[in-house]
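This report describes a single protein chain for a reader who is new to structural models. Please keep the sequence and the model in view while reading.

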Amino acid sequence: MPFSSLSVKLTCIECGQQTAKTFDWLREHADRFDCAHCGVTVVIDQKQVDDELVKLVGAIDELEHQIHALRARLRLVPAHSTSER
Ligand SMILES: [Zn+2]
């Protein structure tokens with residue numbers, strides 16, 4: 001997935017500090033993470049992570065579709081033809 005290196009911030013339930021984790025990390029270790037600030041282990045709902053990642057993939061597919069459509073709509077003309085007007 002193209003967004004696998006993007007990160008999402010997880011908020012610690014104990015201290016409220018945020019820890020950034022990449023989507024790759026989330027997919028592979030999504031059941032828990034250790035807060036770098038207070039050391040507590042926070043459990044993550046892996047099912048929810050899966051659901052959210054599926055939504056995100058759908059949104060990215062839609063974005064790619066929109067970009068493709070935009071590219072098709074753009075009217076590109078050589079520079080010399082515009083100066084004739
Ligand atoms: Zn913490």
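The account below moves from the whole chain to its elements and then to individual residues.

**Basis of the description**

The structure is a predicted model, in which local features need pLDDT of at least 70 and side-chain atom pairs count only at pLDDT 80 or more, while totals for chains, interfaces and linings use all residues. Residues are numbered from 1 along each chain, as its sequence is written. The term pLDDT denotes the predictor's confidence in each residue, on a scale from 0 to 100. For this protein the mean pLDDT is 87, and 91% of the residues reach 70 or more. Among the elements, strand β4 (residues 41-43) has the highest mean value, 93, and helix α3 (residues 79-82) has the lowest, 79.

**Overall form**

The protein contains 3 helices and 4 strands. Both kinds of element are DSSP runs numbered from the N terminus: helices are H or I with at least four residues, and strands are E with at least two. Read from the N terminus, the order is β-β-α-β-β-α-α. The protein is more spread out than a compact globule, because its radius of gyration is 21 Å, well over the 12 Å that the globule rule gives for 85 residues. This radius is taken over C-alpha atoms, and the globule rule is 2.2 Å times the number of residues to the power 0.38. Along the principal axes, the C-alpha trace spans about 70 × 25 × 15 Å.

Burial is judged by counting other C-beta atoms, placed from the backbone, within 10 Å of a residue's own: 20 or more make it buried, 12 or fewer exposed, and a number in between partly exposed. Of the 85 residues in the protein, 2% are buried. Two residues are in contact if their C-beta atoms, placed from the backbone, lie within 7 Å. Of the contacts with a separation of 6 or more, 21% join residues 24 or more positions apart.

**The hairpin**

Strands pair if DSSP finds at least two bridges between them. Strand β1 (residues 7-11) and strand β2 (residues 18-22) do so in the antiparallel sense, over 5 bridges. Ser7 stands opposite Thr22 in β2. The hairpin has 6 residues between its strands, and Gly16 takes a positive phi near 80 degrees there.

**Helix α2 and selected residues**

Helix α2 (residues 46-73) has 28 residues and reaches 40 Å from its first C-alpha to its last, close to the 40 Å expected at 1.5 Å a residue. The expected span is 1.5 Å times one less than the number of residues. Helix α2 lies largely in the open, because the number of buried residues among its 28 is 0.

Asp31 lies outside this helix, in the loop between α1 (23-29) and β3 (32-34). Asp31 is exposed, with 9 other C-beta atoms within 10 Å. Not counting residues up to four places away in sequence, Asp31 touches Val43, Ile44 and Gln46.

Lys47 is found in helix α2 and is exposed, with 9 other C-beta atoms within 10 Å. Leu63 also has its place in helix α2; it counts as exposed, with 10 C-beta neighbours inside 10 Å. Val49, another residue in helix α2, counts as partly exposed because it has 16 C-beta neighbours inside 10 Å. Leaving aside neighbours within four places in sequence, Val49 is in contact with Leu26, Ala30 and Ile44.

The table sets separation along the chain beside separation in space for four pairs.

| Pair | Apart in sequence | C-alpha to C-alpha |
|---|---|---|
| Asp31 and Asp45 | 14 residues | 6.2 Å |
| Lys47 and Ala30 | 17 residues | 9.1 Å |
| Leu63 and Val8 | 55 residues | 19 Å |
| Val49 and Leu76 | 27 residues | 42 Å |
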